[in-house]
Every structure is written in structure tokens, then in C-alpha cells.
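Colleague: Could you walk me through this model, and tell me how each label you use is earned?

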Amino acid sequence: MEIKNYSYLELTDWLAENRVDAYRAGQIFRWIYTRQADSFEQMTDISKTVRAKLNGFFCNERLAKVRSDYSRDGACKYLFRLADGHHIESVLIPDKNHFTLCISSQVGCAQNCRFCFTARGGLIRNLTVAEILSQIRDIARDLNGNQRLTNIVFMGMGEPLANYRNLIKALHIITDRDVGLNFSHRRVTVSTAGLVPRLLDLGNQTRVSLAISLNAADNQTRNWLMPINRVYPLEQLLEACRQYPLEHRQKITFEYVLIKGVNDSQQDAQRLAKLLRPIKSKINLIPFNAHPGCPFSCPPESAVLQFQQILRNYRYTTTIRKSKGADIAAACGQLSAAVNRNNHQS
Ligand code: SAH
């Protein structure tokens with residue numbers, strides 16, 4: 001059994017069943033998540049008999065790194081092979097004085113958004129808790145002392161709220177200050193296409209930041225771009241956002257992929273501004289990133305800036321996401337782990 005699939009409580013229970021003191025759970029967690037231990041042998045403050053028990057039941061693996069590609073702008077895309085031969089990607093993005101890691105939550109995705117490359121192959125499977133955590137643990141190990149990984153975004157492959165149980169377990173370890181990976185809640189962002197029931201659960205069970213992939217301000221356009229909207233239309237999605245518990249000065253990020261001739265008109269910007277009025281929100285515009293075989297294109301810069309200006313006139317904090325890693329197909333919506341598709345064909 002992979003030990004990183006176990007929550008702290010589950011490990012405590014296992015220890016009790018195996019007649020080991022409960023406080024060992026903390027030591028074991030720290031060895032794995034803080035000290036990056038690979039083997040139970042390394043855990044020298046734990047007795048040999050306990051180490052042998054752990055070794056007999058658990059393993060503690062890393063993901064197989066197939067390749068890492070550096071972009072000209074400093075982003076790095078990692079391709080990992082999972083134990084069953086499927087592949088996932090993660091992207092490490094440098095900022096001024098810290099790094100953000102964009103991680104995957106599923107192999108493929110079932111949401112079928114029309115503009116997204118990951119959608120092409122459909123859903124293959126959910127990632128395990130260990131596979132979610134390993135993306136962070138393995139990449140963090142490669143950083144040198146002055147490179148600080150402070151932010152995690154679930155914006156890689158997959159829909160995190162469709163893998164809810166594993167997401168929650170992983171989030172608890174990611175944000176555990178004491179024995180886990182010690183990320184601040186606010187610096188961990190779950191991005192969703194809008195699975196409304198799960199969104200409310202997330203708000204009740206965690207304090208992480210929320211991003212909604214909105215991408216359209218009317219149901220007709222959103223239905224066409226994002227099939228999930230036919231199940232949970234804008235009214236329901238925005239009502240759930242309105243109820244989402246936020247801390248003082250915290251806001252929900254609304255992501256909006258700008259696609260030429262589809263959702264980029266001045267009218268769209270005005271509709272968006274009015275739609276978000278009841279919600280404490282900020283807006284992140286993402287100029288569409290092209291990928292092979294997709295008929296969409298990115299609006300000219302002037303249209304993007306005009307769209308931003310309209311939202312700013314309505315007093316929204318509105319940023320334009322600078323796409324990093326486009327030259328290595330690591331930008332938003334370009335992740336594909338092409339190898340998965342090749343596997344299917346052969
Ligand atoms: N399923 C989750 C997380 C993965 S998608 C979600 O929907 O939020 C992460 C972000 O990339 C989403 O905001 C999505 O709208 C955006 N995106 C997908 N394809 C894109 C593309 N080709 N160009 C720009 N952004 C894209």
C-alpha cells in the first residue's frame with residue numbers, strides 16, 4: 001500500500017491496529033513530507049521493529065519523471081509516468097520571488113470543454129492521493145535553496161472536484177502546517193469548471209482559494225463551450241459562489257478564456273461585469289492558447305485590453321494571464337500528455 005494515500009488519521013488507526021504508538025504518525029508524516037524521505041530505513045528516530053512493520057505493509061514511491069522541458073520564459077513542464085503506464089503533466093511557473101506549481105487531478109478529463117486540449121482523450125481515471133501529492137513532493141525536491149515553492153494551483157489536467165474524495169485528502173496534507181507540506185490555505189487554489197454540489201462541500205470542508213472557469217457570461221455560449229453548464233447553469237453556479245465562505249478580503253477568481261468571435265465582445269464584458277456584481281470577485285482573463293486541430297483563435301491584443309478596461313471601469317480587479325510555457329505546450333489548456341493518446345491507439 002502506498003503510504004501517501006493514507007490520511008494522518010488513517011495512519012494513526014493503522015498504527016493502533018499494529019500496536020505502534022500513535023505519536024509515530026507525526027514522525028512518519030514529517031519524514032515523508034518535510035524531510036523527503038524515500039525509505040523507511042531512513043527514519044532513524046523510529047525503532048527497527050516499527051520500521052520493519054511499516055516496510056512490510058507500505059511503500060513510498062516517487063513518480064517516474066519521463067522528461068522536463070524548460071520554456072524560454074522559465075516555466076518548466078514535467079511529464080510523469082504513473083505506475084499503470086498512464087501519463088500526467090505538471091507545470092512549474094516562476095514569479096518574481098517564488099514559484100507556483102500547476103498540478104493535475106485526473107488522467108484526462110470528462111468535462112469536454114470545447115477549447116481545452118486535455119478534453120480530447122476523455123477521462124481515463126482519477127489520480128490517487130499519492131499521485132496528487134507526489135507532483136508537489138517530487139518537484140519541490142528538485143528546487144534549490146533559494147527557489148521557494150509557495151503556491152499550488154489545481155489547473156493542470158482534469159477536473160479536481162470530479163475527484164473529490166482524493167482532492168480533499170490531498171488538500172489536508174498540502175495545507176497541514178505541522179506534519180504535512182505546509183502550504184498556506186490562501187496559496188492553494190482549486191479551479192473548477194463548476195460542479196456545483198461539490199463546490200459547496202469544498203467551501204465547508206476547506207479554506208482554500210477558489211477559481212471558477214467561467215468563460216462565458218450567458219448560458220447559451222457557456223452551454224456550447226462547457227457542457228457542464230447544461231447540468232449546472234450560470235444561475236446555480238453563481239448562487240453557489242455567493243454562498244462560498246470567504247475570509248476577510250478574500251475573493252473568488254473568475255477565469256475567462258478569451259476566444260476570438262466567441263466571447264470577446266464589449267457586450268460580453270459588460271454582461272460579465274453585471275453577472276458578477278453580487279459576488280466578491282476578481283477576474284483573470286486568459287487569452288486563448290492555440291493547440292493542434294482546434295478551430296479557435298486568440299483575440300488581438302487591443303481587444304483583450306479593451307475587454308479588461310471595461311471590467312476595470314466596473315471596479316473589478318482584472319488581470320490578464322501572461323501565458324508562460326506556450327513554446328513547450330505548457331500554457332493553460334495545452335496539457336495533453338500526448339503519450340496517453342498514443343497508448344490508446346496502439
Ligand atoms: N478543470 C478545471 C481545471 C483545469 S483547466 C477547470 O475547468 O478550471 C484550467 C484553466 O485553463 C481553466 O480556466 C480553463 O478554462 C483554461 N483553459 C483550458 N483550455 C484553454 C486554452 N486552450 N487556452 C486558455 N485557457 C484554457
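Modeller: Gladly! This is a predicted model, and its protein chain holds 12 helices and 12 strands.

Colleague: What makes the protein chain as compact as a globular protein of that length?

Modeller: Its radius of gyration is 21 Å, and the globule rule gives 20 Å for 346 residues. The two values are close, so the chain counts as compact in that sense. Along the principal axes, its C-alpha atoms fill a box of roughly 70 × 45 × 40 Å.

Colleague: Good. How much of the protein chain is buried?

Modeller: Buried residues account for 55% of the 346, the cut-off being under 20% relative accessible area. As for the surface, the protein chain exposes about 15900 Å², with 48% of it supplied by carbon and sulfur atoms.

Colleague: And what share of the contacts join residues at least 24 apart in sequence?

Modeller: Counting contacts between residues at least 6 apart, 65% join residues at least 24 apart.

Colleague: Let's turn to a helix. What makes you call helix H5 mostly covered?

Modeller: H5 spans residues 164-174, and 9 of its 11 residues are buried. Among them are Tyr 164, Asn 166, Lys 169 and Ile 174.

Colleague: Which elements do the buried residues of H5 pack against?

Modeller: They pack against helices H1 (8-17), H2 (24-34), H4 (129-142) and H6 (196-205), and also against strands E7 (149-154) and E8 (188-192).

Colleague: Why is Lys 274 called partly exposed?

Modeller: Its relative accessibility is 47%. Buried would need under 20% and exposed over 50%, so Lys 274, at 47%, falls in between and counts as partly exposed. Lys 274 sits in helix H10, residues 266-275. From Pro 245 it is 29 residues away in sequence and 21 Å away in space, C-alpha to C-alpha.

Colleague: How do you know that strands E1 and E2 pair?

Modeller: Pairing requires at least two bridges, and 6 bridges join E1 (residues 64-70) to E2 (residues 76-81), so the two strands pass that test. They run antiparallel, and Ala 64 has Arg 81 in E2 as its bridge partner.

Colleague: How many residues lie between E1 and E2 in the hairpin?

Modeller: There are 5 residues between them, and Gly 74 in the turn has a positive phi of about 100°.

Colleague: One last thing: how far apart are the centres of the positive and negative side chains?

Modeller: The protein chain has 45 positive and 30 negative side chains, and the centres of those two sets lie 5 Å apart.

Note on methods: Residues numbered from 1 in each chain as written. Predicted model: local features only at pLDDT ≥ 70, side-chain atom pairs only at ≥ 80, totals over all residues. Heavy atoms only, no water. Helix = DSSP H or I, 4+ residues; strand = E, 2+ residues; numbered from the N terminus. Rg over C-alpha atoms; globule rule 2.2 N^0.38 Å. Buried < 20%, exposed > 50% of the residue type's maximum accessible area, 1.4 Å probe, protein only. Contact = heavy atoms within 4.5 Å. Areas by Shrake-Rupley, 256 points an atom, 1.4 Å probe, with all protein chains shown as cover. Lys, Arg positive; Asp, Glu negative; His and termini not counted. Charge placed at Lys NZ, Arg CZ, Asp CG, Glu CD.
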